[in-house]
Amino acid sequence: MSARLLRRVLEQQEEHQSRFADVEPDPDDDDDEAAESPNPRSAFQNPFDVLEDQEVVVDVSEETSAGKMVKEEPSGVRSSSDSVASRKQKKKKKKSKETLTSVKGKGGEAEKSLDEILKNLSIQSNDQKSTGKDKLVTNTMIQADHRQSLLAVEPKYLSAENELRRIFGSKVVSSFENSSNSRSRRTNVGRRGGLNHRKTNLVSPSGYWPRWDGSLSMEFLETKDGQNYFRYAHSASYMQAQRAFDAAKAIHDVNGIASILTYHPYHVESLLTIAEILKFSGEHQSAADYIAKCLYALECAWHPVFTPFHAKCRLLYSHDTNKPFFSALFTHMLNMDRRGCHRCALEICKLLISIDSDDPMGALFCVDYFALRAEEYAWLERFAEEYRTDNSIWLFPNFSYSLAVSRFYLEKDGLVDAEKATSADLMKQALMLHPLALKKLVEKTPLKEAVWTKILNHVFFGSAKAGSPSLEHLIRIYVERSYLLWRLPELQKLLKESAHLVIDSINVNSREARDWDCVRKEAFSSERNEYSHLLISDFSDSVPTVPPEEVRNMMVDPRIAEAMHDPRIAEAIRNGGEVLMPEEEEGHLPDLRNRNPLMLLLEGLVVPLANMREGGDANGAYDHVNGNDTRAGGDANEANGHVEEDRENSGSNGNADQ
């Protein structure tokens, strides 16, 4: 509303108050005007009606100041609409005259009061506007803070399908999805139609997945330093499934673990175990499906206040119930990387770092790789500058080399200030700080040119050592994770030129090498490997496979288990997952010599090696040596019910031939 119309509304209010308080009714009023306002309340109009009549009503004050009068036309020439407009105009003019008369009669006090009303109304309006603006600015600042946060996750980039569409186009992805859906329909003939699942951000649920059973939940713990802390909680049905899982795990019964998913389809530990077994069997798509189902269950259990995408919530790894979420999220990140969805993997990596600053999964040592593959060079530099850790982040091998690579591509795009160091300078610093990384990169990539042999023959690179177990472990992780980047010719050229600069600098002044060696020892001074919990194989693209017959040897045939009527499984469930061992079986030790290392690793997924007795089975339940299932002190029947007894030595043991 303009100032002119606002003044008119105030004049009408003043006129309304004066007419029915001090002013007597005018006997000379026309009949038409009296008919238009039969009672005092109808004389006061809605202020918003002025907006509708602003084209018809003429401001009297403006006319008086301009010295113009409105000329009336003959009544016979006017149309009906013009007559109505003229009556309104006449009425407004009369009211304006009355208002001016009342103002003159009251003197300067009325004029002063009118000015005060305008002033007060203006202040109130400004206050209301400022309050609304403050709220808008506050919300904008909060949203900007979320967007600008280093570890804030953008949910739109968590979808692998959307990223594949951006890379390959919608037509290619749609045709592939249609073909896969047709195959799944032929495979799942006879199944019920797909359910309407809850919409989640981490994964997209498939139609054939079972309905979420609500067995998991999340509880709020506390608010500390502006961060909300949460923890997963288990229901009674989930705890029952967990006891059954512990019992099946104790006897290497993969079939038993799979049967748990029949009655508890969203038991997280069972889903993770089956996914690992499928991965080592070479069935990567099925393994990824189990991981996605696991993440779907974990996200459905989120607390309403748990908003991890804003980097304001904490889910500590120290709580045992939270650990499966970290394992599933890290595995899902690697699956996205293998599919080529590097931006999706970057967002998941940011989520892993934000929910627990201790970084139990080592996401900090692969976030630079995903940022480079996703071409987020500016974000990587900002992250290295603003992220706070106990040690300067650029001292880590992965960030030393990755920052030089990101600066190289930013220079290529012309997005670097002239005051900043060049990519060649950053690469030279990385080589001076971690010369051992160059030696391992040449071996892993591999770089077979003769110039690399000459470079490595130099005393600085040829005799390079890490100096501490922690640094050597981090260098191996970086080489295993990022060696594919150095197959690009442009990066090989950058590395080669920087290596020559290092050699020339050391030949002139060898003191510089000693200075960088002191920096390296100061940054990684521990004599023990602080990162031993991070397996190098977890950062590798290659996945070792186990022959299917080796996997079958781990599984207990349900018919054999039924024939043996082993009471220890039920006893284990009653005792919270701990398998009780008879005393006479403690001396039964399997021979682990000449065993397949991958097979031992796969067994470790079902029974932790830490629980295994020295040289023996974890619980002595079964011995899987040479593909035989034996049980000390008892008789084992064959799958077809036939028993062969061998009593050549003592006549006390029975062996089952399979």
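This report walks through the sheet, some helices, a surface patch and the cysteines of a predicted model.

## The sheet

Let's start with the strands. Three of them, in the order β1-β2-β3, make up an open sheet with mixed pairing. The edges belong to β1 and β3, each of which has a single partner strand, so each has one side left without a neighbour in the sheet.

The mixed character can be followed pair by pair. Strand β1, spanning residues 216-224, runs antiparallel to β2, and 8 bridges join the two. On the other side, β2 pairs with strand β3 (residues 313-314) in the parallel sense, over 2 bridges. If you would like a residue to click on in each pairing, Glu219 has Arg231 in β2 as its bridge partner, while Asn228 stands opposite Cys313 in β3.

## The hairpin and its second strand

β1 and β2 also form a hairpin, with 2 residues between them. One backbone angle there may catch your eye: Asp225, in the turn, has a positive phi of about 55°.

How many of the residues of strand β2 are buried? The count is 6 of the 8 in residues 227-234, so this strand is largely enclosed by the rest of the structure.

## Two buried helix residues and their contacts in space

Helix α10 covers residues 236-250 and includes Phe245. This phenylalanine has a relative accessibility of 5%, so it counts as buried, the cut-off being under 20%. Its C-alpha atom is separated by 5.9 Å from that of Ile257, a residue 12 positions away along the chain.

Further along, Ile477 lies in helix α23, which spans residues 469-482. Ile477 is buried too, with a relative accessible area of 0%. Here the separation in sequence is 115 residues: that is how far Gly362 lies from Ile477 along the chain, and the C-alpha atoms of the pair are separated by 9.9 Å.

## A covered helix

Helix α12 takes up residues 268-280, which makes 13 residues. From its first C-alpha to its last, α12 reaches 19 Å, close to the 18 Å expected at 1.5 Å a residue. What share of α12 is buried? The answer is 13 of its 13 residues.

After α12 comes Gly282, and its phi is positive, near 95°.

## A nonpolar patch on the surface

Now for the outside of the model. Ile167, Phe168 and Val172 form a nonpolar surface patch, and together they have about 300 Å² of accessible area.

Of these, Phe168 can be placed in helix α8, residues 160-168. Is Phe168 buried or exposed? Its relative accessibility is 52%, so Phe168 counts as exposed, given that the cut-off for that class is over 50%.

## The cysteines

A disulfide is a covalent bond between two cysteine sulfur atoms. The count of disulfides in this model comes to 0, where a pair would need its sulfur atoms within 2.5 Å.

Why does Cys344 not form one? The closest cysteine sulfur, in Cys341, is 6.1 Å from the sulfur of Cys344, which is too far for a bond. Cys344 itself counts as buried, because its relative accessibility is 0%. Cys300 is buried as well, with a relative accessible area of 6%.

Conventions:
Residues numbered from 1 in each chain as written. Predicted model: local features only at pLDDT ≥ 70, side-chain atom pairs only at ≥ 80, totals over all residues. Heavy atoms only, no water. Buried < 20%, exposed > 50% of the residue type's maximum accessible area, 1.4 Å probe, protein only. Helix = DSSP H or I, 4+ residues; strand = E, 2+ residues; numbered from the N terminus. Pairing = 2+ DSSP bridges. Patch = residues over 30% accessible without salt bridge, like charges linked within 9 Å, V, L, I, M, F, W, Y side chains within 5 Å. Areas by Shrake-Rupley, 256 points an atom, 1.4 Å probe, with all protein chains shown as cover. Salt bridge = Lys/Arg side-chain N within 4 Å of Asp/Glu carboxyl O. Expected span 1.5 Å × (residues − 1).
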